[in-house]
Structure formats: C-alpha cells, structure tokens
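The following exercises concern cavities, ligand shells, domain contacts and backbone geometry. Each task is followed by a solution that proceeds step by step.

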Amino acid sequence: MTVQTQNGPHEAPDPLAAIGENIKACMQCGTCTGSCANSGAMDYTPRELWRMVQLGLSDEIFASKTFWLCSSCYFCTLRCPRGLPLTEAMAALKRLAIAQGKWKEKKSTKFYLTFLDNVRRYGRVREMDLMTRYFLSLKNPLTPMGFTPLGVKLMVKGKLSMQLPNLFSAGKLDALYRKVREVEGRS
Amino acid sequence: MKYFYYPGCSLEGTAQEYDASTRAVMRALGAELVAVADWTCCGASAGEAVSHLLSLALPARNLALAEQSAIDADMLVPCSACYLNLKKVEEHTRRDGTLLATINEVLAEEGLSCTNTVKVRHLLDVLARDIGARTVQAKVVRPLTGVTIAPYYGCQCLRPYEVFDDPQQPTSMEPLIEALGATVLPWQMGAQCCGAGLMTTKKETALERVSVLLQAARGADCIATVCPMCQMNLDSYQAKISRMNAENLAVSVLYLPQLMGLAFGLPEKTLKLHLNFAYAQSLKGKMSALRHAAEAQQTAVGSEQ
Ligand code: SF4
Ligand code: SF4
C-alpha cells in the first residue's frame, strides 16, 4: 500500500501482513479450532482463518464473521502447540476491520466505538448512556427490542440509573485519547 | 494486609453486589482496601478491538494513580476483564522494551507515569493464596451444610497468564467452598467460556454457551462466580434458556464473596442479595433452614446456661 507522507510517497507496512507475521509458524494442526467453543458458529474455523491470513486473502477474511465471534477465552492461545498469540491476532483483525471501515459487523463495531467514546467522556462507563447511544448509532428501531427485557429488569433492580446523556461535555479523558491518536499516527 | 482496590465500571453499576460483598468480606477477613482515587475504565473488551495503545494506556493510567500514592501494596481487582487488562500492561511491557516509554508519553499528558511496581492481583488469587481456606474457615459462623456449589472461574482470571491456578482445570475455589461447609459440585465446566461480550454483539452464540453451562450445573444449588460478565450472562437469561431447552434450568448464581458473607453470618442486605436475578428458591430455602437451625441452637445453648 502506497501512502503520501511529508517525505513523499512511502511504502506503508501492510497491516494484514503484520498479523500474518505473528502467526507464520502455524502448522495447521487444528488444535485452535478444537479448543474454540464458538467455532460452530463461525463461517471459517480458526485454523482455516489462520491459513487465509498467511495467504493474505484480505477480501475473504474481512467478509468472514469468524473473528467477530471470538469471545477472548484464550483457550486457543493456551493450547496452540506453536505458542502463537491467537487471541491477540483475533483482536488485531477486529481492529483492522474497524480501522479500514470494513464493517461487515455493524453491531460489534458500533458497540466498541460507542463504548470507548463513553469512556472518553466520563472516564467510567455509564451504562444507560452507553446503551442509549449504541442504539442511536445502529439507527435500527428493532435492535433495542433485544435488550429491552434485560434493560427493564436492570432498571427495576436500580442497577441502571436514568441519567440523560450529556451530549456536549468535554471529555474527562480527551487529552489521553488525543495523545494516543497522535502517537499511533506517528508509527 | 493492605490492597489498592480497583472496582471497575461494572462494580459501580450492574455488579454492585459484587462490590458490596467483596468489601464486606475483605473487612471481615481483616484486609484493608485503599481506593484508587480518580480511577477510570480499563477499556474492557472494546479497547483492544479499537486501539492497541489505548487498550494499554487506559489500564496503565490506573496503575500510575496507585503508584502516586506511595503505598506499598498490590492492587486487588474483582472483575476478571479489568484484571486481565491491568495485567497486560505488566506482561506486554516486559516483552517489548520501548512500550512502557510510549505508554508513559501518553500518561504524561496528565502528569502521570507508570513504572510497573504495583502488582495486579485477582480477588480469587488473594482469597486463595494470601488469605487461604483456613482463615476463611475460622470466620464461618453459619456453615453452608448441604448446599452444593459449582465453582465457575470463567476465562480471564485463568488465561492467558497462568498466575494462581491451572488455566484448564482450575481448583483454587474448591478449598474455599469447602471451608464454608458447602459441597463442591464435581463438573468439568469451571474454565469454559460464558460467551462474554458476545451477549451484546452475537447473542445467539452467547446464549448457546450459557445453555451448555446451565445444563452441566444440574444438581447444584448455586453457581459461584468471580466475574461480573460471567455473573450477568449466567444470571440474566435463565428463563429464556429454559424455554429454549424445554427444561427448567434455573439455578442460583452468586458471587463467591456473597457466599462467603452468608457463611460469615453477614446480613443479606449487606451482601445485596436482593440484586441477584437468580437467587433461586432451592438455595433460599436451604439458607433460611440453616439460619433457623443456627438460631434454634443458640436458644438451646442459651436456655442451658
Ligand atoms: S493451534 Fe496453532 S499451529 Fe495449530 S492450527 Fe491453530 S494456530 Fe496453527
Ligand atoms: S480465544 Fe477466541 S478464537 Fe480462541 S478459542 Fe477462544 S473464542 Fe475461539
């Protein structure tokens, strides 16, 4: 991938290749798939996904929902005979999909982004505000229904407070987020 | 014994009962908890999905705050997701020599810096290794006799970092449960995943994970948890999952310190048992029978004197 920088065109490292580098020792034994409780719901098994990453099959990888179905249980990482950081690689694929706008999984993406924005604003998660914004971001009036029974149950127990979201407040962690973006932009 | 205390966002909201019971039980055990002033969110599972640096800077900020207070203590963390995120700062910076400097460049925006001197400890680790079953047993005034408990560890206090227990076949909760006078349910599911954050983003899959766990817990009066996410997933969808399976799979799901508090004779109100969705009749019945037996015994002892 060629990008423009201050010093003219520059060959940026391919981020998918960087993930591939971390799992290049994969020998396709399938232990990861066998360890994964969620593999049945995946369109490609973890073993297949790692092969695709090795081959750099970007389109197929980001069309797949496999990495969105990783719940970070770390069983595959623990058991991989090659000691590969597989759960981290799953997270790296989520990051890349979000960063490149390959949002096949709108729900997951919006949730993560809304969550972090909530943290930036308040420093801590305000659950009611988070859920309100999450549903707004999905712009899908049907999705909130999936949550309603639990939301109501939580409210009855006094576990969710009905704070109105403050849309315009400066965030508590603005400086930290700004700096993270700056440092990441540099590398 | 003194610990920094990092409750994390869940313990301020949906897991208030975990916070309340942890504080009450640690007090009863003679441990002092020092609040980390001005703590902020660890980034949960969202941090890592969006930015690697942010996912480390957020927890590191809290470690830096603790360091600032110049108290020599470990950091006690009851939430497994927070625990892992905080722990990752230590593990990742050890692997990558320049990473700590990069994190500190970010923290410097707030005049903070992290040197990795505060050790991060999960609540279960502290209970099992610092305090120990014997000390716990000495505090028991109302043994949970006849109560069968399934110890549920979940993932992130066990994996990927092997700190205090076997990451696949954990046992650290068993002596603690036995110390309370309860019976440990023999099962193989203690280290299996509850679906975690998929309950929000991939609900069908997460319900399937919980369903498998609830079925395996047949015969238990209660599942003991040490993580707000596990608790929420196991606790909140029992009616739905029972309908899916055409079988009543209702079972109480309590935080380990809530169970300890019950055996220590702490009031249910202090332990916020009214906040658990799944505090089922079978366990409630056994608890009130135990309470009555204890009271009757006291009366008997009283009249003899
Ligand atoms: S367990 Fe490791 S080596 Fe085996 S297929 Fe999976 S990633 Fe490859
Ligand atoms: S960490 Fe993710 S991919 Fe690996 S076994 Fe667990 S759910 Fe499957």
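**Exercise 1. Determine which helix gives the most to the lining of the largest cavity, and describe that cavity.**

Solution. Helix 5 of chain B gives the most, with five residues. The structure examined here is a predicted model.

Step 1. Establish how many cavities there are. A search of the whole structure returns four cavities of 30 Å³ or more, and the largest has a volume of about 420 Å³.

Step 2. Locate the lining. It consists of 32 residues, and those nearest the centre of the cavity are A:Ser71, A:Ser72, B:Ser45, B:Gln156 and B:Ala196. Two or more residues each come from helix 6 (86-99) and helix 7 (106-122) of chain A, and from helix 3 (44-50), helix 5 (80-95), helix 9 (198-201) and helix 11 (228-236) of chain B.

Step 3. Classify the lining. It comprises 19 nonpolar, 10 polar and three charged residues.

**Exercise 2. Describe the residues around ligand 1 and ligand 2 by identity and by class.**

Solution. Step 1. List the residues within 4 Å of each ligand. Around ligand 1 these are A:Cys26, A:Met27, A:Gln28, A:Cys29, A:Gly30, A:Thr31, A:Cys32, A:Arg47, A:Trp50, A:Cys80, A:Pro81 and A:Leu86. Helix 2 and helix 3 (46-55) of chain A are the elements that give two or more residues to this shell. Around ligand 2 lie A:Cys36, A:Asn38, A:Cys70, A:Ser71, A:Ser72, A:Cys73, A:Tyr74, A:Cys76, A:Thr87 and A:Met90.

Step 2. Assign classes. The shell of ligand 1 has eight nonpolar, three polar and one charged residue. The shell of ligand 2 has six nonpolar and four polar residues, and no charged residue.

Step 3. Relate the second shell to Exercise 1. A:Ser71 and A:Ser72 belong to the shell of ligand 2, and these two serines are also among the residues nearest the centre of the largest cavity.

**Exercise 3. Characterise the contact between the two domains of chain B.**

Solution. Step 1. Define the parts. Domain 1 of chain B spans 2-122 and domain 2 spans 132-297. Their centres, taken over C-alpha atoms, are 25 Å apart.

Step 2. Count the participants. Each domain supplies 26 residues to the contact.

Step 3. Assess the buried area. The two domains bury about 2100 Å² between them, 74% of it on carbon and sulfur atoms. B:Glu17, B:Tyr18 and B:Leu29 supply 26% of the area that domain 1 buries against domain 2, more than any other three residues.

**Exercise 4. Where in the chains do A:Gln28 and B:Pro160 lie, and what marks their backbone geometry?**

Solution. Step 1. Recall the usual case. Most residues other than glycine have a negative phi, and most peptide bonds are trans.

Step 2. Examine A:Gln28. This residue is not a glycine, yet its phi is positive, about 60 degrees. A:Gln28 is placed in the loop between helix 1 (15-22) and helix 2 (31-35) of chain A, and it also belongs to the shell around ligand 1.

Step 3. Examine B:Pro160. The peptide bond joining B:Arg159 and B:Pro160 is cis, with omega about 0 degrees. B:Pro160 is in the loop between strand 5 (148-151) and helix 8 (173-179) of chain B.

Methods:
Residues are numbered from 1 along each chain as its sequence is written. Chains are lettered from A and ligands numbered from 1 in the order in which they are written. This is a predicted model: local features need pLDDT of at least 70, side-chain atom pairs count only at pLDDT 80 or more; totals for chains, interfaces and linings use all residues. Side-chain values use heavy atoms; hydrogens and water are left out. Ala, Val, Leu, Ile, Met, Phe, Trp, Tyr, Cys and Pro count as nonpolar, Asp, Glu, Lys and Arg as charged, and the others, Gly among them, as polar. On a 1 Å grid over the protein atoms alone, a cavity is a set of points where a 1.4 Å probe fits but cannot get out, and a pocket is an open set with protein on both sides within 12 Å along at least five of seven lines; lining residues have an atom within 4 Å of a point. Grid points are joined across faces, edges and corners, and a volume is the space filled by probe spheres set on the points. Helices (H or I, at least four residues) and strands (E, at least two) are DSSP runs, numbered from the N terminus. Domain bounds come from an automatic or database domain assignment. Contact means heavy atoms within 4.5 Å. Buried area is the accessible area (1.4 Å probe) that two parts lose on being put together, summed over both.
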